[in-house]
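Subject: Handover of a structure and findings

Dear colleague,

Please find the structure below, handed over for your own work. A summary of the findings comes after it.

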Amino acid sequence: MLDFVIILLFILAAAGVGFDSVQLLPNSVQEQVSNIEALRWITAGFAALIGFGVGLTVQVTYRRLEARVRELPIEVILTRAVGLVIGLLLANLMLAPIFLLPFPSEFSFIKPIAGILGSIMFAFLGVSLADTHGRTFLRLINPNSLESILVAEGTLKSASSKILDTSCIIDGRIEELLKTGFIEGQILVSQFVLQELQQLADAANDQKRARGRRGLDILKQMQKAFPERLVIHPADYEDIHTVDAKLVRFAQEINGMLLTNDYNLSKVANLQKVPVLNVNDLAQAVRPIYLPGDGLDLKILKEGKEPTQGIGYLGDGTMVVVEEGRQYQGSEVRVIVTSALQTSAGRMIFARPAASVM
């Protein structure tokens, strides 16, 4: 209904302008027209067609703007609105002396131009500052909100926002983790991470291009599956040149948690007191634990270092050394775990065929 009203208003406004525009014609031209009323209706019809085109464009633009605004978090909308108002107020205060200065009539156009340019510049500055320091501003103006009181009392513990880095997105396991429901809170993808993915997708190197496109595809799937949780955050830091440093600064500003599988980024973030969730650490922690005496079915793939040993692998890549397992190479056999060893290269399990144990 709103779309129809927008287009109709433009049609009626344009038709009215076209109908009355005949009055602007010189009298000599109007005298040459035999039927002035017919000319009015013809110009009104042509103007209505133009109004329909303009109204359709405005309606499409409005719907796109509405969709983008709906995707923004409420705190971003609020802080941007406050930043815009403050910017416009500062522009009016600082430009007021210019309007009081006496200008020659030839240069009177300077005042409205200065007012428009100043308002645009200060409005943009206010919105930019709101994006950078918005959450801090909200905490200052409302430090005793109900949520803050409950958190302080220990009754409620709010879930921290999770910030995705590029490697974690490309890895793809984060989508499956979100489906399990083990990760709480809002999932943020910063603008500079999105730009890095786009640069990878446009790279000349085939491997980099494939990684970038995979990351963008995974983000698109996550956005469809979790439209309310996944947010593209507009924050960026022009004074910082590396993406890892930007991620750490972003996490510090919003008190968020980094979600990554980058070992070096995890160490740097921990040194700066930024909480980190490492997907690789999670995968290591949830590996099944096999105790001596446990049985499992294993396919012996190759020979071991010792003459009678056979080697197989679990689904997570853990190597299993089977004593007296060489004779079963190429076939699947039931083995009994005898011991497990944790090394710097990973976990290793030792076992024997169930037949030899019995």
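The following paragraphs give the conventions and then the findings.

This is a predicted model, in which local features need pLDDT of at least 70 and side-chain atom pairs count only at pLDDT 80 or more, while totals for chains, interfaces and linings use all residues. Residues are numbered from 1 along each chain as its sequence is written, and side-chain values use heavy atoms, with hydrogens and water left out.

Overall, the protein has 14 helices and 11 strands (DSSP runs numbered from the N terminus: H or I of at least four residues for helices, E of at least two for strands). Of its 358 residues, 30% are buried, that is, under 20% relative accessible area with a 1.4 Å probe and protein chains only. The exposed surface of the protein is about 22,800 Å², of which carbon and sulfur atoms supply 62% (Shrake-Rupley method, 1.4 Å probe).

One open sheet contains 5 strands in the order S3-S2-S1-S4-S5, with parallel pairing (two strands pair if DSSP finds at least two bridges between them). Its edge strands, S3 (230–233) and S5 (276–278), each pair on one side only. Within the sheet, S1 (residues 162–164) and S2 (residues 187–190) pair in the parallel sense over 2 bridges, and Ile163 has Leu188 in S2 as its bridge partner. Helix H9 (residues 191–201) packs on the sheet and touches S1, S2 and S3; its direction makes about 60 degrees with that of S2. Helix H10 (residues 206–225) also touches S1, S2 and S3, and its direction makes about 125 degrees with that of S3. Contact means heavy atoms within 4.5 Å; axes are lines fitted to C-alpha atoms, for helices over the stretch in contact, and angles run from 0 to 180 degrees between N-to-C directions.

The largest nonpolar core has 37 residues, among which Leu164, Ile174, Leu247, Phe250 and Leu258 touch the most other members (a core is a set of buried Ala, Val, Leu, Ile, Met, Phe, Trp, Tyr and Cys residues joined through side-chain atoms within 4.5 Å). Helix H11 (residues 243–254) gives the most to this core, with 6 residues. A second, separate core of 11 residues includes Ile300, Val322, Val333 and Ile349.

Finally, an unreviewed UniProt entry lists residues 38–60, 81–103 and 109–130 under "transmembrane region"; such annotations may be inferred rather than shown by experiment. In the model, residues 38–60 are 100% helix, with end C-alpha atoms 33 Å apart. Residues 109–130 are 95% helix, with end C-alpha atoms 32 Å apart.

Kind regards

Definitions and conventions
Buried < 20%, exposed > 50% of the residue type's maximum accessible area, 1.4 Å probe, protein only.
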